[in-house]
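Me: Could you take me through one part of this structure up close? I'd like to look at the place where the ligand sits.

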Amino acid sequence: MVSDLELRKKFQVKEFPRSAKYDPYWVHKHEMGPNVLWLTEALCQRMELKPGMRVLDLGCGTAMSSIFLAKEYGVQVWAIDLWIRASENFGRICDEGVEDTVFPIHAEARQLPFADEFFDAIVSLDSFHYYGTDVHYLEFYLLKFLKRGGEIGMISPASPIEIPSPFPEHLDDTWYWMNSVEWWQNHWERCPGLEVKLAELLPGGWELWVRWHEFLNLFETRNRPGETSELEDLMADQGRYLGFVRMIGHRKEIGP
Ligand SMILES: C[S@@+](CC[C@H](N)C(=O)[O-])C[C@H]1O[C@@H](n2cnc3c(N)ncnc32)[C@H](O)[C@@H]1O
């Protein structure tokens, strides 16, 4: 039986003091992947969010990132997700007392119900790779919802270098969807309306991913039992091909 102290120690990371204040049991209960609070804080450390801004949280899952954004940065958040019902997220949002600033919407990322240039910022945590790899998506669709000069940022799993084909022995082909950091950089840089400000491997990303699994293993049950093999893959990989990309760009003042 693991102690509460041990669990909190694993959850608290010195690089992420804002996340450390949150309840690890709450995060565990609603998690859908590597700690979204760490990822959100890692992204926001490099973005320029100001109180009152309108922020789109794309693919927010259970809206923990949206709640975190509203509480920590005083922004208004439109929490969009496809797999999780808006009513479910609304319950969580009300429980956290941020129903005046976090607005849950059930929507497909390619059919967003917003006015052009509505958002001051767009964020996406562990989600952009599901819909954002299409060459037309950012350039001809998503960017129009961002005001000129506004920032878009995302963190998603990515490999430090392209995974060779055939795959290295320690990785099976379930990792087929991982693109490299360079791939993401080129993907965003081909968008003429966007100035890419940051495209990098998230420092310490592999370590965070491992730590996240060690945290999950402290609980008696796994939300998704099938994912236990992810830790084995991470350990065998040692960060050669598994990590995260952190991308931030500005919509240009002029142009498309
Ligand atoms: C791995 S989960 C991450 C959820 C959350 N951001 C987190 O990190 O906890 C991926 C999320 O992307 C969302 N998603 C995937 N495809 C989407 C699409 N086409 N439109 C909107 N959301 C999508 C899913 O609904 C899911 O909640």
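Reply: Here's a walk around the ligand and its surroundings. Bear in mind that this is a predicted model, where local features need pLDDT of at least 70, side-chain atom pairs count only at pLDDT 80 or more, and totals for chains, interfaces and linings use all residues. Residues are numbered from 1 along each chain as its sequence is written, and side-chain values use heavy atoms, with hydrogens and water left out.

Let's begin with the neighbours: 17 residues are around the ligand (a heavy atom within 4 Å of it), and G59, D81, A109, L125 and S127 come nearest.

Next come some polar contacts, meaning pairs of N or O atoms within 3.5 Å. G59 has a polar backbone atom 2.8 Å from a nitrogen atom of the ligand. E108 uses its side chain instead, with a polar atom there lying 3.1 Å from a ligand nitrogen. For S127, an N or O atom of the side chain is 2.9 Å from an oxygen atom of the ligand. On its own the ligand has 580 Å² of accessible area (Shrake-Rupley method, 1.4 Å probe), and the protein covers 97% of that.

Definitions and conventions:
A polar contact is a pair of N or O atoms within 3.5 Å; within protein, one must be able to donate a hydrogen and the other to accept it, and residues adjacent in sequence count only if both atoms are side-chain atoms. On a 1 Å grid over the protein atoms alone, a cavity is a set of points where a 1.4 Å probe fits but cannot get out, and a pocket is an open set with protein on both sides within 12 Å along at least five of seven lines; lining residues have an atom within 4 Å of a point. A molecule sits in a cavity or pocket if more than half of its atoms lie within 2 Å of its grid points.
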